[in-house]
Amino acid sequence: MKVLVIGSGGREHAIAWKLLQSTKIQTVYVAPGNGGTASDHRLHNLPLTDFKDLAEFAEREKIALTVVGPEGPLAGGIVDFFRARGLRIFGPTKAAAQLESSKAFAKAFMKRHQIPTAAYETFTDAALAHAYVDQQGAPIVIKADGLAAGKGVVVATTLPQAHEAIDWMLGTDASGVSLDVKHNDVPRVVIEQFLEGEEASFIVMCDGKNVVSLATSQDHKRLLDGDEGPNTGGMGAYSPAPVVTPNVHAKAMHEIILPTIQGMAKDGVPFTGFLYAGLMIDAHGQPRTVEFNCRLGDPETQPILMRLKSDLFDLFAHATDGKLDEVELHWDRRVALGVVVAAAGYPGTPRKGDAIQGIPVEAADGIVFHAGTELRDGNLVTSGGRVLCVTVLADSVKQAQPRAYELLQAIRFDGMQYRKDIGHRAMKR
């Protein structure tokens with residue numbers, strides 16, 4: 001069978017890599033792909049992004065399944081477009097993807113269905129937003145309403161930081177954020193209570209009714225060691241996450257995941273696809289929802305899929321047939337840990353075009369997944385903010401961490417930056 005993976009990041013490289021391991025698959029296309037998928041002779045990059053072009057390709061090549069990696073095409077309605085043409089595709093519809101594409105939609109949904117989350121208010125008027133922040137005090141969380149590639153959240157520890165974030169997101173300082181995060185062409189922010197605790201990524205697959213949970217993971221959002229510096233799309237991750245104890249897992253499923261799937265169905269918007277709940281787990285083991293994403297996390301996907309022993313294609317086939325209740329997943333007992341290597345200037349304005357050298361060959365316990373890379377005249381160069389994710393398997397986080405950094409030492413490009421403490425929270429447990 002032939003499969004199409006849509007996207008160009010590390011998540012999509014990992015999905016394509018895992019699909020290749022299925023004996024049922026003949027060819028995996030990645031659209032548009034990156035330098036890593038282009039360098040792998042087993043994968044085929046496809047320079048297409050337009051929905052119509054992609055659907056026509058899927059029809060022409062008799063693609064058995066299309067998997068959507070990033071949030072942009074999902075928010076744009078690619079699942080609706082493919083389904084209207086009778087094509088098998090895995091992901092949420094445009095209406096269901098609002099759980100990620102609109103923070104205001106997600107918060108109102110959680111409030112309506114009594115799903116644990118932080119108290120919040122929504123604003124389009126900067127003066128009212130500033131007044132609310134002054135009334136609430138810091139720390140406080142300011143979120144751009146729409147898609148912002150993981151950079152539309154500011155955890156403000158001081159009032160000046162909060163006011164600066166409001167001005168940036170609502171555009172009063174003439175910069176604003178991209179049109180993607182505007183609602184009806186009007187910028188909107190969600191201002192939330194700051195939640196204390198430890199964050200973890202809780203990702204499940206849904207077929208509209210049935211739910212299968214993936215291995216737990218923990219992301220490192222801040223740019224610098226010790227969880228300092230600005231928020232990013234993620235600087236590294238590991239799986240499993242010790243903070244998600246069996247008790248926390250049960251609470252997350254029964255208080256957050258299942259009410260969300262049932263609530264979406266009740267609202268007439270059944271959810272199919274990956275549902276990612278960013279959890280904040282307090283000292284008493286109570287999880288609350290920080291955010292929803294409607295796709296696999298990046299970089300969480302890389303360690304999660306390294307641990308998955310089940311056939312990923314079979315999993316997608318069951319999900320698109322509405323038969324996830326027949327699935328039982330099998331996982332490698334080892335820990336997987338991934339370290340992101342970012343470009344100079346990330347997360348602000350990443351520099352592109354720097355030559356990349358020294359990427360180690362794939363091994364049984366280690367692989368370098370590509371994200372912001374491209375082949376230019378046969379040479380591998382940087383093309384985005386997060387460039388690579390060096391991912392390894394080992395018996396413990398304590399063993400995985402040095403192994404990942406050992407692999408990373410061979411890699412060279414100008415301005416490369418990475419954290420040196422990925423997995424530090426697990427090592428303290």
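The exercises below, each with a worked solution, concern a predicted model of one protein chain.

Residues are numbered from 1 along each chain as its sequence is written, and side-chain values use heavy atoms, with hydrogens and water left out. Because the model is predicted, local features need pLDDT of at least 70 and side-chain atom pairs count only at pLDDT 80 or more, while totals for chains, interfaces and linings use all residues.

**Exercise 1. Describe the overall build of the protein chain.**

Step 1. The protein chain contains 14 helices and 24 strands; helices (H or I, at least four residues) and strands (E, at least two) are DSSP runs, numbered from the N terminus.

Step 2. The C-alpha trace spans about 60 × 45 × 45 Å along its principal axes.

Step 3. Of the 429 residues, 57% are buried. Buried stands for under 20% relative accessible area, exposed for over 50%, and partly exposed for what lies in between (1.4 Å probe, protein chains only).

Step 4. Among contacts (heavy atoms within 4.5 Å) with a separation of 6 or more, 69% come from residues 24 or more positions apart.

**Exercise 2. Determine the strand order of the open sheet of five strands, and place helix H1 against the sheet.**

Step 1. The order is E3-E2-E1-E4-E5, with parallel pairing; two strands pair if DSSP finds at least two bridges between them.

Step 2. E3 and strand E5 (89-90) are the edges: each has a single partner strand, so one side of each lacks a neighbour in the sheet.

Step 3. Strand E2 (residues 27-32) runs parallel to E3 and is joined to E3 by three bridges. Valine 30 is opposite asparagine 45 in E3.

Step 4. Helix H1 (residues 10-19) packs on this sheet and touches E1, E2, E3 and E4. The direction of H1 makes about 170° with that of E1, where axes are lines fitted to C-alpha atoms, for helices over the stretch in contact, and angles run from 0 to 180 degrees between N-to-C directions.

**Exercise 3. Examine the salt bridges of lysine 2 and glutamate 100.**

Step 1. A salt bridge is a side-chain nitrogen of Lys or Arg within 4 Å of a carboxyl oxygen of Asp or Glu. The whole structure has 25 salt bridges.

Step 2. Lysine 2 pairs with glutamate 61, their closest N and O atoms being 2.9 Å apart. Lysine 2 belongs to strand E1 (residues 2-7) and glutamate 61 to the loop between helix H3 (51-60) and strand E4 (65-68), so the pair ties together parts 59 residues apart in sequence. Glutamate 61 is partly exposed, at a relative accessible area of 24%.

Step 3. Glutamate 100 pairs with arginine 295, with 2.6 Å between the closest N and O atoms. Glutamate 100 is in helix H6 (residues 98-101), and arginine 295 is in the loop between strand E19 (287-293) and helix H11 (301-307), 195 residues apart.

Step 4. Both residues are buried: glutamate 100 has a relative accessible area of 6%, and arginine 295 has 11%. Together with Arg11, Glu12 and Glu71, they form a network of salt bridges.

**Exercise 4. Identify the members of the largest nonpolar core that touch the most other members.**

Step 1. A nonpolar core is a set of buried Ala, Val, Leu, Ile, Met, Phe, Trp, Tyr and Cys residues joined through side-chain atoms within 4.5 Å.

Step 2. The largest nonpolar core has 37 residues, and the members sought are Leu19, Met205 and Phe316.

Step 3. Beyond four places in sequence, the contacts of methionine 205 include Phe90, Gly273, Phe316 and Leu324.

Step 4. A second, separate core has 28 residues, among them Leu99, Met253, Leu279 and Ile281.
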